[in-house]
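Please find below a colleague's note on the structure under discussion. It is arranged as numbered points, each on one topic.

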Amino acid sequence: MDQPKLLQRMVQQNRCLTCFDRTGTDARHTGDSEVFQIVRKHLWFTETDLAGSASICGGCWESIDGFHQFYVGAEQLYERNEVPFGMEGKHSIKQETGSEVYLVEMAQDVEEPEIKEEQVSDLEENDALKEEQRGPKEDQEVTREDSEHESDDEEDDDDDVADKDEEGENPDSLIKQHVVLNCDQCEASDFTFKGLMTHLQRAHSAIKCFTTCCGGRYHTRIRLLEHVRYVFDPTSFKCEHCELAQYFINGPALKRHLKLKHGVQVSTRSYNLTNRLNKDKTPAEKSEEQLRRMEEQEKRRSERAAEDKMMRDHVTFGCIPCGTTFDTYTELFRHSRVEHKQKPVVTCCGNRYHNRPRLLQHIQSVVNPVAFRCELCFRCFKSNYARNLHCAEMHPTEDAVKFRCDRCPKVFVREIKYRKHMQDHEDCDRDEIKCEYCGKLYKSRHILYMHVRNKHAEPRFVCDICAKAFVMRSEFIKHKQEHENPDQLKMQCQHCLKWFKNRQYWRQHIRLHVVGEVKCEICGRMTPNRVAYRSHKKNAHGDRNHKCEWCGKSFTKALTLREHVASRHTGATLYSCSFCPKTFNSNANMHSHQKKMHPVEWLAAKTSKETSKAKAREPGSGEVESEDDSIDT
């Protein structure tokens, strides 16, 4: 693309003529006569190029205007045709730039230098076109180095591209031959210049970092490199235009001499532009830890967006004082804090929520009733806090257990629970845990409370279909669901695949699989579950209150005594086979006979009996999950 078309596109896209960046509010335009004259005088643009309203960004204009002021001052100095400081002939004028001191030879009679226009090379045009075709996002990432002063541009650009010197030698290796780059504040050593500066900033929080050499301080690598080159070879910075050889101590001193003495314009702008366009723009590789954190942040953002959408579908985030609605709880919280100086309140399902986590967990439990389910006993809760408290109390780890009961296998995490349990043992020994309505004895006061609530409390809810009364509202609602849609309440055991009519019976059954085998502390027999353990303890080690009048043998059950008398003493017939005329005096013998001699009839009868039992079962006996998030003790 030729230069006129390139300039035309720059004007259309509102880009700076010198750095190709997009201009802002502080931009200057060539429509201003002063700007037009300065740009026309110092840059290579023609009047035709500047005919349109071209723009120059604020940073570039500061550099151009600063150079113009310097140029005007030098021009006025030469127009007076005077030797500075009243000296005659050739004199050495001492000038300083930053922390360096250099000598400039000046002639007594100097002709006014002719400023030559610089032409944009084809390479720069192609690079400018690439810069122009980049997207807005990439434009924002480009650093505004050109907006700094001319000297800073030189240092930054020279420092970036000085990977190798003119002879192909590594600058860091050259610097290390003359300067020891060690940290003065700690024992760290063997740095490069940039590594030392980074170390001082991060490890010691240094604001202005520098290194010393030959009594001078150097803040940039290019200045230190020029000093080292001058030390090794004092002829490194030589003027090629002077008849008599002139030597300088660094690059800026040589450039200033070329401008003032010989009128050679060393364009920093063209050099910086080429350097910046050819600079590698690929982002630095991130460490595994940084990548992991970025993935976690992105995952958290997506999860929070999904949570906000679920909450927005269930509730409305409205401000009660002013009635304004918002899309997320965070916006409502910020509005309430700033405008009304109070916490927001969101009402859902008749409850008031003052913070986001509790509202979110409530909505999650409504949308998914098993969202907060214990994976050990499969009990469901309405919040994560209730589930964690349940797991800590009912399923503690070995490290968390602090108290063990010496009379039963129960363990406890908190001392107050342990003391209450031991008190139940003592009250049970004294028969103090007794129902005042029916006189039944229980092992703990919690079981007594459940018994009184389920059996003797005055019912508050009555089913309008079957007239059955209930004490608790949760039981009443479940009972109504059994009439309306009983299939929704059915639950299947994932261990044995057995179905149950509701969650209550499923919970009672699932505990048989979760608890596992229980050992009898009297005889050491292993029972498959707690139900079998209690039955074994009652039958094998219980009180033998039923005594035979014929032989004096004692039994734990009245039925066992009856079968003993019939089989051993009287020969009475107690049972008869329903499939044949054969009689028996033992239920176990009749059962073995039917299973062996009539397997088809026995299986059909068994299936029919289990079906009738399942239909006859009704909730109300045993433990029922409460409406609250309370924990069973």
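The points that follow cover confidence, annotated domains, nonpolar cores, salt bridges and selected residues.

1. Confidence. The model is predicted, and its pLDDT averages 76 over the protein, with 77% of the residues scoring at least 70. Two stretches call for caution in reading. Across residues 82-163 the pLDDT stays under 50, and the model has 154 contacts beyond four places in sequence for this stretch. Residues 617-633 are also below 50 in pLDDT, and their contacts in the model beyond near neighbours in sequence number 58.

2. Annotated domains. The unreviewed UniProt entry assigns the feature "domain: C2H2-type" to residues 317-344, 403-425, 433-461, 461-488, 491-513, 546-574 and 575-603. Two of these spans may be described in the model. Residues 403-425 are 48% helix and 17% strand, and their end C-alpha atoms are 15 Å apart. For residues 433-461 the content is 41% helix and 3% strand, with 28 Å between the end C-alpha atoms.

3. The largest nonpolar core. This core has 18 residues, of which Val 39, Phe 45, Ile 56 and Trp 61 touch the most other members. At least two of its residues come from each of helix 2 (33-42) and helix 3 (58-79). Helix 2 provides the largest share, four residues. Once neighbours within four places in sequence are set aside, the contacts of Val 39 are Phe 45, Leu 50, Ile 56 and Trp 61.

4. A second core. Separate from the core just described is another of 16 residues, among them Cys 183, Cys 209, Cys 213 and Tyr 218.

5. Salt bridges and the Arg 221 pair. The model contains 22 salt bridges. In one of them, the side chains of Arg 221 and Asp 172 meet at 3.3 Å, N to O. Arg 221 belongs to helix 9 (residues 221-232) and Asp 172 to helix 7 (residues 171-176), so this pair ties together parts separated by 49 residues in sequence. Arg 221 counts as buried because its relative accessibility is 5%, below the 20% cut-off.

6. The Arg 414 pair. What distance separates N and O in the salt bridge between the side chains of Arg 414 and Glu 393? The value is 2.7 Å. Arg 414 sits in the loop between strand 16 (411-412) and helix 16 (415-429), while Glu 393 is in helix 15 (residues 384-394); the pair therefore ties together parts 21 residues apart in sequence. As to exposure, Arg 414 is partly exposed at a relative accessible area of 39%, whereas Glu 393 counts as buried at 13% relative accessibility.

7. The Asp 429 pair and a network. A salt bridge also joins the side chains of Asp 429 and Arg 407, at 2.8 Å, N to O. Because Asp 429 lies in helix 16 and Arg 407 in the loop between strand 15 (403-404) and strand 16, the pair ties together parts 22 residues apart in sequence. Arg 407 is partly exposed, its relative accessible area being 45%. Elsewhere, Arg 300, Glu 303, Glu 307, Asp 308 and Arg 356 form one network through salt bridges that share partners.

8. Helix 17. This helix, residues 445-456, comprises 12 residues. From its first C-alpha to its last it reaches 15 Å, close to the 16 Å expected at 1.5 Å a residue. Its buried residues are Leu 448, Met 450, His 451 and Arg 453.

9. His 362. Is His 362, a residue of helix 14 (residues 356-367), buried or exposed? His 362 is buried, at a relative accessible area of 12%. Residues up to four places away in sequence aside, His 362 touches Cys 348, Cys 349 and Tyr 353.

10. Thr 573. This residue is placed in the loop between helix 21 (558-570) and strand 25 (575-576). Thr 573 counts as exposed because its relative accessibility is 53%, over the 50% cut-off. Its contacts, leaving aside neighbours within four places in sequence, are Thr 583 and Phe 584. Thr 573 and Asn 585, although 12 residues apart in sequence, have C-alpha atoms 5.1 Å apart in space.

Key
Residues numbered from 1 in each chain as written. Predicted model: local features only at pLDDT ≥ 70, side-chain atom pairs only at ≥ 80, totals over all residues. Heavy atoms only, no water. UniProt positions renumbered as here; feature names shortened; annotations may be inferred. Core = buried A, V, L, I, M, F, W, Y, C linked by side-chain atoms within 4.5 Å. Buried < 20%, exposed > 50% of the residue type's maximum accessible area, 1.4 Å probe, protein only. Contact = heavy atoms within 4.5 Å. Salt bridge = Lys/Arg side-chain N within 4 Å of Asp/Glu carboxyl O. Expected span 1.5 Å × (residues − 1). pLDDT = per-residue confidence, 0-100.
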